[in-house]
Amino acid sequence: MNLSRRSLLLGAVQGAGLLLLSGCEKAFNSLQQNRKFLSLLESAEGANQHLQRLLTGKNKLAQEFTEQDISRYFKPNGNPPPITMDYTADAAKQWPAWRLEISGSVKQPARFSLPELRSMPSRTQITRHDCVEGWSAIAKWKGVPLTEIMQRVQPTPEAKYVVFHCMDTDDSGAHYYESIDFLDAHHPQTILAYEMNDRALPIEHGAPLRLRIETQLGYKHAKYIRKIDFVASYENIAAGKGGYWEDQGYEWYAGI
Ligand SMILES: Nc1nc2c(c(=O)[nH]1)N[C@H]1C(S)=C(S)[C@@H](COP(=O)(O)O)O[C@H]1N2
Ligand SMILES: [Mo]
């Protein structure tokens with residue numbers, strides 16, 4: 001019988017699962033140090049994503065690039081920008097009316113203006129964006145780490161997911177939205193970006209604020225954010241699968 005890469009991998013994953021279940025920390029650590037095993041896991045299709053994240057470490061950084069690597073063209077993708085009067089007028093004046101609303105299971109609901117977000121500690125990263133359509137592009141992003149927002153609003157214990165509500169709609173009028181869990185919310189490269197390549201975030205790339213979540217594929221990177229909700233479950237939002245594309249069958253965890 002031909003022992004395929006896939007069955008090898010599944011065996012490895014199941015074995016690792018058993019190790020985890022038996023709480024064998026020593027074995028787990030040596031497994032974590034086994035780079036060959038890790039690269040096998042990382043390249044795997046259909047591997048248990050949660051286990052993959054545990055084994056590779058929750059704070060493992062996505063690759064960062066240099067200024068020379070920045071793409072000369074970065075394809076704007078997805079819905080057209082929200083072309084309402086309010087959006088267009090506010091954009092023309094650099095967002096005096098826009099607020100980032102934070103609500104749901106938090107101790108301190110808040111509304112942040114763009115200058116308020118800009119005055120918080122920031123992170124800058126040059127990263128590669130990978131779209132499921134098969135293209136990639138590298139850009140420099142500056143924004144406020146999501147953890148900075150979380151420190152200020154203080155999610156309550158029942159909060160399990162962070163939901164991003166966007167201003168744009170598709171042809172049928174459905175609003176774009178996305179959700180991530182707390183593991184990714186705490187990842188150091190998960191930022192709310194207001195600058196791209198040293199300039200204010202362009203309208204076609206999601207102005208005034210977009211998510212950069214470097215552990216996952218392009219469709220998780222919500223653009224045109226207006227509200228962030230902390231929730232125990234995303235079941236009751238739209239079709240209940242945790243995102244605009246997820247509602248149409250895409251994976252909720254779009255790990256790279
Ligand atoms: N609000 C909103 N966010 C969105 C989308 C969208 O249509 N609306 N498209 C997603 C997809 S599929 C991709 S690849 C990226 C594209 O980001 P870009 O326009 O900066 O290339 O945004 C993601 N975020
Ligand atoms: Mo995409």
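User: Why does Tyr-244 count as buried?

Analyst: In this predicted model, Tyr-244 has a relative accessibility of 11%; buried means under 20% relative accessible area (1.4 Å probe, protein chains only), so Tyr-244 counts as buried.

User: Why is Trp-245 called partly exposed?

Analyst: Partly exposed lies between the buried limit and exposed, which is over 50%. Trp-245 has a relative accessible area of 29%, so the residue is partly exposed.

User: What makes the aromatic pair of Tyr-244 and Trp-245 edge-to-face?

Analyst: Rings of Phe, Tyr and Trp (its six-membered ring) pair if their centres lie within 6.5 Å; planes under 30 degrees apart count as stacked, over 60 as edge-to-face and the rest as tilted. By this rule the count comes to 12 aromatic pairs. For Tyr-244 and Trp-245 the centres are 5.2 Å apart and the planes meet at 85°, hence edge-to-face. Both residues belong to one aromatic cluster with Tyr-176, Tyr-219 and Tyr-250.

User: Which polar side chains contact ligand 1, and at what distance?

Analyst: A polar contact is a pair of N or O atoms within 3.5 Å. The side chain of Asp-168 places an N or O atom 2.7 Å from a nitrogen atom of ligand 1. For His-205, a polar side-chain atom is 2.7 Å from an oxygen atom of the ligand, and for Arg-210 an N or O side-chain atom is 2.7 Å from a ligand oxygen.

User: On what basis are these values given?

Analyst: Local features need pLDDT of at least 70, and side-chain atom pairs count only at pLDDT 80 or more. Side-chain values use heavy atoms, without hydrogens or water.

Key:
Residues numbered from 1 in each chain as written. Chains lettered and ligands numbered in written order. Polar contact = N/O pair within 3.5 Å; in protein donor to acceptor, adjacent residues only side chain to side chain.
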